[in-house]
Amino acid sequence: MATRLKLYMPPDEDFEEQPDPDVCVRLGDLLPLAALAQRMNFIWLKDFLDDEVRVSQDFYDVMQAFQNSQPTSA
């Protein structure tokens, strides 16, 4: 008889706040690698899609302005 697979259900408890990252990476070094991994559809990149990335307030403001100024597709 075949063995049935069991789904792992994590406990319903709040996770502790994670510590600050240990590694600082320049955006100029990170973006080309992330873009290449996305373009080549590497599955491992999807493991990190929910991870948070810290950015400076001025960079965040520029990203928000850029997002709001994007033309809509017609």
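How many residues has H1, and what does the helix reach from its first C-alpha to its last? The first legend below gives the answer, and the views that follow take up other parts of this predicted model.

**View 1. Helix H1, residues 27-39, in the predicted model.** H1 consists of 13 residues. From its first C-alpha to its last, the helix reaches 18 Å, close to the 18 Å expected at 1.5 Å a residue. Leu 27 has its place in H1. Leu 27 counts as partly exposed because its relative accessibility is 38%.

**View 2. A nonpolar patch on the surface that includes Leu 27.** Val 23, Val 25, Leu 27, Leu 30 and Leu 31 make this patch, with an area of about 450 Å². One of these residues, Leu 27, lies in helix H1.

**View 3. The salt bridge between Arg 26 and Asp 29.** A search of the whole structure finds one salt bridge. The side chains of Asp 29 and Arg 26 meet in a salt bridge, at 3.4 Å from N to O. How do its two partners stand, buried or exposed? Arg 26 has a relative accessibility of 57% and therefore counts as exposed. Asp 29, at 41% relative accessibility, counts as partly exposed.

**View 4. Asn 41 in the loop between H1 and H2.** Asn 41 comes just after H1. The phi of Asn 41 is near 55 degrees, which is a positive value in a residue other than glycine. Helix H2, at the other end of this loop, covers residues 57-69.

**View 5. The aromatic cluster of Phe 42, Trp 44 and Phe 48.** The structure holds two aromatic pairs. In one pair, the ring centres of Phe 42 and Trp 44 are 6.4 Å apart and the planes stand at 40 degrees, so the pair is tilted. In the pair of Trp 44 and Phe 48, the ring centres are 6.5 Å apart and the planes stand at 75 degrees, so this pair is edge-to-face. Trp 44 takes part in the tilted pair and in the edge-to-face pair. Phe 42, Trp 44 and Phe 48 form one aromatic cluster.

**View 6. Accessibility of the residues in the aromatic cluster.** Phe 42 has a relative accessibility of 36% and so counts as partly exposed. Trp 44 is partly exposed as well, with a relative accessible area of 45%. For Phe 48 the relative accessible area is 47%, and this residue is partly exposed.

**View 7. Helix H2, residues 57-69.** H2 has 13 residues. The helix reaches 18 Å from its first C-alpha to its last, close to the 18 Å expected at 1.5 Å a residue. H2 is hardly covered, and the count of buried residues among its 13 residues is zero.

**View 8. The protein as the setting for the close-ups.** The protein has two helices and zero strands. Of its 74 residues, 3% count as buried. The accessible surface comes to about 8400 Å², and 57% of this surface belongs to carbon and sulfur atoms.

Note on methods: Residues numbered from 1 in each chain as written. Predicted model: local features only at pLDDT ≥ 70, side-chain atom pairs only at ≥ 80, totals over all residues. Heavy atoms only, no water. Patch = residues over 30% accessible without salt bridge, like charges linked within 9 Å, V, L, I, M, F, W, Y side chains within 5 Å. Areas by Shrake-Rupley, 256 points an atom, 1.4 Å probe, with all protein chains shown as cover. Salt bridge = Lys/Arg side-chain N within 4 Å of Asp/Glu carboxyl O. Helix = DSSP H or I, 4+ residues; strand = E, 2+ residues; numbered from the N terminus. Buried < 20%, exposed > 50% of the residue type's maximum accessible area, 1.4 Å probe, protein only. Expected span 1.5 Å × (residues − 1). Phe/Tyr/Trp six-rings, centres within 6.5 Å; stacked < 30°, edge-to-face > 60°.
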